[in-house]
Amino acid sequence: VQLVESGGGLVQPGGSLRLSCEYSGSISSFNVMAWHRQAPDKEREMVAVITNSGTVNYGESVKGRFTISRDNAGGTLYLDMHNLKPEDTGVYYCNLRYYRDGEYFEHWGQGTQVTVSS
């Protein structure tokens, strides 16, 4: 299984970005995907999570500003980020978790840098 993120960059406060994560390989139909982020000198934190059926949940700091979605047929996870703040700066990672034949699997992408600064 491979996860490849894209879409990061430098944006001014109040701006928007869309992150994408293309996934490929053999995975279970029942799975959970998420975006996590890690700021310098801070622990990695969950930003948003979505199940294969479309149930979503968000971290408190991004509620109302970020939207997670997925295209199961196309094998892509998205994160639409609006009204970005300097504290949103960090490396954003795509995450995939699932069980198959009773075994737990978890995969991470390589990360994409998001910098919010004027």
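In these legends a residue is called buried when its relative accessible area is under 20%, exposed when that area is over 50%, and partly exposed in between. The model shown is predicted.

**Figure 1. The whole protein is built from strands and loops.**
The protein has 0 helices and 11 strands. Its pattern along the sequence is therefore a plain run of strands, β-β-β-β-β-β-β-β-β-β-β. The C-alpha trace spans about 50 × 25 × 25 Å along its principal axes. A compact globule of 118 residues would have a radius of gyration near 13 Å, and the 14 Å of the protein agrees with this. Of the 118 residues, 43% are buried. The accessible surface comes to about 6300 Å², and carbon and sulfur atoms account for 47% of it. Among contacts between residues at least 6 apart in sequence, 54% join residues that are at least 24 apart. The protein carries 10 positive and 13 negative charges, and the mean positions of the two groups are 4 Å apart.

**Figure 2. A disulfide joins Cys21 to Cys94.**
A disulfide is a covalent bond between the sulfur atoms of two cysteines. The count for this protein is 1 disulfide. In the link between Cys21 and Cys94, the sulfur atoms are 2.1 Å apart. The angle about the S-S bond is -80°, and the link is left-handed. Cys21 belongs to strand β3 (residues 17-24) and Cys94 to strand β9 (residues 90-100), so the bond ties together parts of the chain that are 73 residues apart in sequence. Both Cys21 and Cys94 are buried.

**Figure 3. The surroundings of Cys21 in strand β3.**
Cys21 has a relative accessibility of 0%, which is why it counts as buried. Which residues surround Cys21, leaving aside its neighbours within four places in sequence? The contacts of Cys21 are Leu3, Val4, Glu5, Trp35, Gly75, Thr76, Leu77 and Cys94. Cys94 is also the partner of Cys21 in the disulfide. As a distance across the model, the C-alpha atoms of Cys21 and Asn57 are 18 Å apart, with their positions 36 residues apart in sequence.

**Figure 4. Ser20 is found in strand β3.**
The relative accessible area of Ser20 is 16%, so Ser20 is buried. Apart from neighbours within four places in sequence, Ser20 is in contact with Val4, Glu5, Ser6, Trp35, Thr76, Leu77 and Tyr78. From Ser20 to Ile68 the distance is 10.0 Å, C-alpha to C-alpha, and the two residues are 48 apart in sequence.

**Figure 5. Gly8 in the loop between β1 and β2.**
The loop that holds Gly8 runs between β1 (2-6) and β2 (9-11). Is Gly8 buried, partly exposed or exposed? At 32% relative accessibility, Gly8 is partly exposed. Gly8 and Gln113 are 105 residues apart along the chain, and their C-alpha atoms are separated by 5.2 Å. Gln113 is also one of the contacts of Gly8 beyond four places in sequence; the others are Leu19, Thr112 and Val114.

**Figure 6. Asp41 and Glu43 in the loop between β4 and β5.**
This loop follows β4 (31-38) and leads to β5 (45-51). With a relative accessibility of 84%, Asp41 is exposed. Glu43, at 72%, is exposed as well, because this value is over 50%. Setting aside neighbours within four places in sequence, Glu43 is in contact with Arg37 and Gln38. The C-alpha atoms of Glu43 and Asn57 are 19 Å apart, and the two residues are separated by 14 places along the chain. What is the phi of Asp41? The value is near 65°, which is positive although Asp41 is not a glycine. Most residues other than glycine have a negative phi.

**Figure 7. Asn83 in the loop between β8 and β9.**
Asn83 comes after strand β8 (76-81) and before strand β9. Phi of Asn83 is near 50°, another positive value in a residue other than glycine. Asn83 has a relative accessible area of 43%, so Asn83 is partly exposed. Strand β9, on the other side of this loop from β8, is the strand that holds Cys94 of the disulfide.

Technical notes:
Residues numbered from 1 in each chain as written. Predicted model: local features only at pLDDT ≥ 70, side-chain atom pairs only at ≥ 80, totals over all residues. Heavy atoms only, no water. Disulfide = S-S within 2.5 Å. Helix = DSSP H or I, 4+ residues; strand = E, 2+ residues; numbered from the N terminus. Buried < 20%, exposed > 50% of the residue type's maximum accessible area, 1.4 Å probe, protein only. Rg over C-alpha atoms; globule rule 2.2 N^0.38 Å. Contact = heavy atoms within 4.5 Å. Areas by Shrake-Rupley, 256 points an atom, 1.4 Å probe, with all protein chains shown as cover. Lys, Arg positive; Asp, Glu negative; His and termini not counted. Charge placed at Lys NZ, Arg CZ, Asp CG, Glu CD.
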